Amino acid sequence: MSKIIIVSNRLPVKIEKTSSGTFEYKTSEGGLATGLGSIYKEGNNVWLGWPGLAVNKIEAKEEITSKLSEENMRPVFLTKNEIEEYYEGFSNETLWPNFHYFNQHAVYNEDFWIAYKKVNKKFAKELEGVMEDGDTIWIHDYQLLLLPALVRETHPNSSIGFFLHIPFPSYESFRLLPWRRELLNGMLGADFIGFHTYDDMRHFLSSVNRLAGIGNTNGQMNVGNRLVKADALPMGIDYDKYASSASAPETLDREVRYRTSLGDVKLILSIDRLDYSKGIPERLKAFELFFEENKSFIGKVSLLMIVVPSRDTVPMYASLKAEIELLVGRINGRFGRINWTPIHYFYRSFPLSALSAFYRMANVALVTPMRDGMNLVCKEFIASKLDQKGVLILSEMAGSSKELSDAILINPNDKNQLVSALKEALTMPIEEQQARMDIMQNSIKRYNIHSWVSLFMQQLNSVKQEQENLQTKPFTVDVREELLDAYSKSNKRIILLDYDGTLVGFHANPNDSKPDAELEQILTKLTKDERNHVVVISGRGKDTLEEWLSKFKIDFIAEHGVWHKQRGEEWKRFVDLDNSWQDEFHKVLEMYVDRTPGSFIEKKDYSLVWHYRKVETGLGDLRSRELTSHLKYLSAERDLQVQEGDMVIEIKNSSVNKGTAAASWLKRQPYDFFFAAGDDWTDEDTFKAMPDQAHTIKVGSSSSTAKYRVESFRDVRKILIDLTGQ
């Protein structure tokens with residue numbers, strides 16, 4: 001029976017070794033663990049990840065593995081060195097700063113990269129022990145960017161999802177990573193790739209386009225032979241959990257005690273993990289400026305600042321901690337009174353009941369990271385506000401700002417704006433607070449953690465279904481044998497071959513695509529057999545085809561069916577065509593050539609082609625979309641067709657196509673073997689014109705009416721070599 005396997009760096013459990021040498025297991029209360037609990041705890045599903053400590057002894061590993069299996073978990077054991085280099089090193093000193101736009105902190109260490117690859121392979125190997133055909137794999141976060149492709153290598157038909165829980169940086173930041181292409185290709189092993197925001201998705205697609213050369217249509221990409229989709233799915237919280245905790249007796253008891261200790265002041269709440277991306281020093285400096293400019297609030301407002309310990313043995317984080325504590329001390333020393341403390345600072349974590357009490361008490365929540373993938377603290381604050389009183393000040397740089405537009409949104413780099421936001425929040429009328437809070441509560445109720453999990457799985461299943469619907473069968477060994485058998489038994493064969501992308505590869509300069517020695521040998525052998533009627537059916541102009549291929553016994557169909565030529569005869573047109581439109585359209589194409597360095601125009605007798613293979617990646621795609629839209633508008637009332645090919649846009653008369661031309665050739669003799677190969681959507685007309693018993697081959701990964709697909713023109717050559725017995 002198929003199952004779902006969740007894979008993350010950490011398991012939803014923390015294992016600690018007690019003084020007596022036994023292991024203590026503490027369940028995580030994180031949002032991800034809560035949301036995915038509905039999946040991994042069911043049936044034979046499993047969650048695979050690191051249990052949180054280095055274990056060396058085999059007996060200890062066996063004990064932990066046995067214990068975790070009872071909770072549908074499977075551990076991946078990491079050595080102390082792997083934790084330091086893969087997790088602390090590459091994940092948190094290379095990827096984390098780059099993805100959060102703190103490239104001045106990024107470390108480019110080859111040993112870290114080697115460790116990162118090694119651990120991702122270790123995760124893949126552990127997956128092998130539990131994975132079966134038909135399983136669904138959901139991989140999480142930046143520590144495992146290589147894992148989707150590693151799983152794809154051994155299980156090419158698996159259903160693989162990936163979700164990134166931190167921002168994906170712009171191309172300008174991501175390109176700084178020496179291992180950028182390997183990381184992208186790792187992610188592209190997934191079928192569905194999720195991000196918190198549209199901006200993250202857009203940045204990812206831009207990097208894929210520029211670094212991997214793969215374009216997209218509405219987030220859909222063709223990777224190898226697979227449809228891959230990227231989308232934005234903002235993660236929610238367990239709303240009911242936080243709302244219930246806010247009304248629990250223990251929470252109410254804590255609130256009474258805390259309020260008594262704090263006295264009659266308005267409370268501003270700040271909760272963060274120790275990290276430079278959270279903007280804690282900047283927040284403190286703005287709070288200091290607030291008192292400088294608003295002295296009437298001195299003694300009436302306090303900041304409750306909780307900083308959760310994280311990596312404080314790392315020099316950079318130790319320095320950050322020292323800076324925070326210096327600022328807290330300075331502000332308290334400068335503005336504090338005997339009966340009032342400006343900042344209540346805690347460097348530790350708190351249980352949920354305490355956090356819920358803080359959320360209830362706070363008049364203002366200050367969530368101002370310099371950059372954050374989502375940030376769930378603001379959502380927890382909103383869910384805990386049962387009376388709907390309270391104001392959220394939220395950084396525009398947090399992913400949650402895209403959903404919570406009724407918060408006071410600020411630029412965390414603008415101290416003056418933050419000061420103004422504090423004053424606005426502290427003086428906001430209750431009615432306005434409740435109106436804003438009501439809208440935000442309804443939003444996060446609807447898009448909670450459970451709906452996020454459900455939506456992700458729906459999207460992943462949808463992509464897999466679409467892959468199956470679009471899939472053209474691969475050209476397998478069995479298909480090859482069937483083709484060779486049919487070929488050997490036939491006496492009258494027609495072989496229709498596209499040229500560019502099918503018999504030769506693409507070149508930046510189209511004139512560099514002349515037949516090479518191998519192709520000439522193939523065509524010589526193929527046309528020497530009198531039973532073979534070979535037709536090259538191409539978008540190329542007639543003069544080029546004749547110059548390159550006239551020495552072979554080949555018929556030609558040029559310009560997608562405008563011209564045709566049988567052996568020993570002159571060129572003829574299929575139908576009378578008008579080309580008076582060319583001058584007008586040529587001027588439009590020239591305008592785009594002027595705007596797009598590297599592009600050029602190819603003029604044929606009855607068509608025009610705009611080439612952009614030499615254009616900078618990204619710019620070419622942008623201009624091609626503009627030009628296609630422009631040309632379709634101009635040609636709307638005319639008998640013209642705009643076609644998009646591989647790095648080309650062609651405009652031609654719509655009354656002719658390869659299919660019409662191919663159909664006329666098929667009627668000329670009583671063939672008993674039919675073969676056609678092509679690589680782009682203009683060849684689909686040829687495939688459609690072929691009889692049911694024909695052998696049709698599509699080059700490339702896009703969907704096709706052809707029966708079989710191959711990777712490249714080299715595979716087509718190999719098939720033709722097999723047919724001729726070379």
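Visitor: Which residue in E13 stands opposite Leu303?

Guide: Leu303 stands opposite Ile343 in E13. Keep in mind that this is a predicted model.

Visitor: What makes strand E12 and strand E13 count as a pair?

Guide: Two strands pair if there are at least two bridges between them. Strand E12 (residues 301–308) and strand E13 (residues 343–346) are joined by four bridges, so they pair under that cut-off. The two strands run parallel.

Visitor: Why is the unit of E12, helix H12 and E13 called right-handed?

Guide: The word fits because, with the strands pointing away from the viewer, the path from the first strand over the helix to the second runs clockwise. Here that path leads from E12 over H12 (residues 315–335) to E13, in a right-handed β-α-β unit.

Visitor: Now to the other sheet. Why do strands E23 and E25 stand at the edges?

Guide: The open sheet has the order E23-E24-E26-E25, with antiparallel pairing. E23 (600–603) and E25 (640–644) each have a single partner strand, so one side of each is left without a neighbour in the sheet. Neighbouring strands here are turned by 15° against each other on average, direction ignored.

Visitor: How do you know that E25 pairs with E26?

Guide: Five bridges join E25 to E26 (residues 648–653), and the cut-off is at least two, so they pair. One example is Leu640, whose bridge partner in E26 is Asn653.

Visitor: Which helices lie across E24, E25 and E26?

Guide: Helix H21 (residues 582–595) lies across these strands and E23, running at about 5° to E24. Helix H22 (residues 619–634) lies across E24, E25 and E26, at about 165° to E25.

Terms used
Residues numbered from 1 in each chain as written. Predicted model: local features only at pLDDT ≥ 70, side-chain atom pairs only at ≥ 80, totals over all residues. Heavy atoms only, no water. Axes fitted to C-alpha atoms, helices over the stretch in contact; angles between N-to-C directions. Contact = heavy atoms within 4.5 Å.
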